[in-house]
Amino acid sequence: MRLCPHQNGGAPVIDFQNASYIKLGAWDVATAREELAPILIENEVVHLAFKGIRDSVTFTNKRLIALNVQGMTGKKKDYTSLPYSRIQAFSVETAGVFDLDSEMELWFSGLGRVKLEFARGVDIRGLNRLIGDHVL
């Protein structure tokens, strides 16, 4: 995932539009929970987690957390929280015969469109249900 300057001149945020080359595959929920433990709030539960080469996207019962690992050593990390309450619309595109990847697009109030691309084998319909359960 790439970073872009915040619209108001503040700290950089993850540029989801330019991160389409990253295909997210399933990531072990226990490992994701351990990685995110310092930022999870009380009673927050990790439902699903996906990881690219270094970056990840985790879906909890409260929000979507995008983890952007930065630098050569990977010690610097950017955690972006996208609360479900800010989602205005969402869509999924399932894998096809020739296009084996699936996609999810989410439109967040104040942020715009976030596009996530998933590797073959990800249950995109289950992910659609998870978002629906928290948004609708």
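Which residue forms a salt bridge with Lys 115, the closest N and O atoms being 3.8 Å apart? Keep that one in mind while you get your bearings; the tour comes back to it below. One caveat before you click around: this is a predicted model.

**Stop 1: the whole chain**

Start with a cartoon view, coloured from the N terminus on. You should find 2 helices and 10 strands, in the order β-β-β-α-β-β-β-β-β-β-β-α. Colour by burial next: of the 136 residues in the chain, 40% are buried. If you like contact maps, take the contacts between residues at least 6 apart in sequence; 38% of them join residues at least 24 apart.

**Stop 2: the charged network**

Now for the opening question. Select Lys 115 and Glu 117: these two form the salt bridge, with 3.8 Å between the closest N and O atoms. Glu 117 has a relative accessible area of 9%, so Glu 117 counts as buried. Lys 115, at 24% relative accessibility, is partly exposed, because buried means under 20% and exposed over 50%.

Stay on Lys 115 and add Glu 103 to the selection. The side chains of Lys 115 and Glu 103 also meet in a salt bridge, at 3.8 Å from N to O. This pair links distant parts of the chain, with Lys 115 in strand E10 and Glu 103 in strand E9, 12 residues apart. Glu 103 has a relative accessibility of 17% and counts as buried.

Widen the selection to Lys 23, Asp 101, Glu 103, Lys 115 and Glu 117, and you have a network linked by salt bridges. Over the whole structure, a search turns up 7 salt bridges.

**Stop 3: Glu 44 and Arg 63**

Select Glu 44 and Arg 63 next. Their side chains meet in a salt bridge with an N to O distance of 2.7 Å. Glu 44 sits in the loop between helix H1 (29-36) and E4, while Arg 63 belongs to strand E6 (residues 63-70), so the pair ties together parts that are 19 residues apart in sequence. Are these two partners buried or exposed? Glu 44 is buried at 10% relative accessibility, and Arg 63 is buried too, with a relative accessible area of 13%.

**Stop 4: the rings**

Hide the charged side chains and show the aromatic ones. There are 2 aromatic pairs in the structure. Phe 50 and Phe 59 make an edge-to-face pair, 6.0 Å from centre to centre with 80° between the planes. Both Phe 50 and Phe 59 are buried. Phe 50 also pairs with Phe 118: the centres are 4.9 Å apart and the planes stand at 70°, so this pair is edge-to-face. Here the link runs between distant parts of the chain, from Phe 50 in strand E4 to Phe 118 in strand E10, 68 residues apart. Both Phe 50 and Phe 118 are buried. Put together, the ring pairs link Phe 50, Phe 59 and Phe 118 into a cluster.

While rings are on display, pick Trp 27 and Lys 51. Lys 51 lies over the face of Trp 27, at 4.8 Å from the ring centre.

**Stop 5: the nonpolar cores**

Switch to spheres for this stop. Select Phe 59, Leu 64, Leu 106, Leu 116, Phe 118 and Leu 127: they have the most contacts inside the largest nonpolar core, which has 20 residues. E5, E6, E9, E10 and H2 each give two or more residues to this core, with H2 giving the most, 4 residues. Apart from this core lies another of 7 residues, among them Ala 32, Leu 36, Val 46 and Ala 49.

**Stop 6: helix H2**

Finish on H2, residues 124-135. How far apart are its end C-alpha atoms? Try the distance tool: they are 16 Å apart, which agrees with the 16 Å that 12 residues should span at 1.5 Å a residue.

Now highlight the buried residues of H2, which are Ile 124, Gly 126, Leu 127, Leu 130, Ile 131 and Gly 132. An α-helix has 3.6 residues a turn, so residues three or four places apart point the same way. Show what surrounds the buried residues of H2, and you will see them pack against strands E4 (46-51), E5 (56-60), E8 (87-93), E9 (102-108) and E10 (112-118).

Note on methods. Residues are numbered from 1 along each chain as its sequence is written. Side-chain values use heavy atoms; hydrogens and water are left out. The expected span of a helix is 1.5 Å times one less than its number of residues. Buried means under 20% relative accessible area, exposed over 50%, partly exposed in between (1.4 Å probe, protein chains only). Contact means heavy atoms within 4.5 Å. A salt bridge is a side-chain nitrogen of Lys or Arg within 4 Å of a carboxyl oxygen of Asp or Glu. Rings of Phe, Tyr and Trp (its six-membered ring) pair if their centres lie within 6.5 Å; planes under 30 degrees apart count as stacked, over 60 as edge-to-face and the rest as tilted. A charge sits over a ring if NZ of Lys or CZ of Arg is within 6 Å of the ring centre and within 35 degrees of the ring normal. A nonpolar core is a set of buried Ala, Val, Leu, Ile, Met, Phe, Trp, Tyr and Cys residues joined through side-chain atoms within 4.5 Å.
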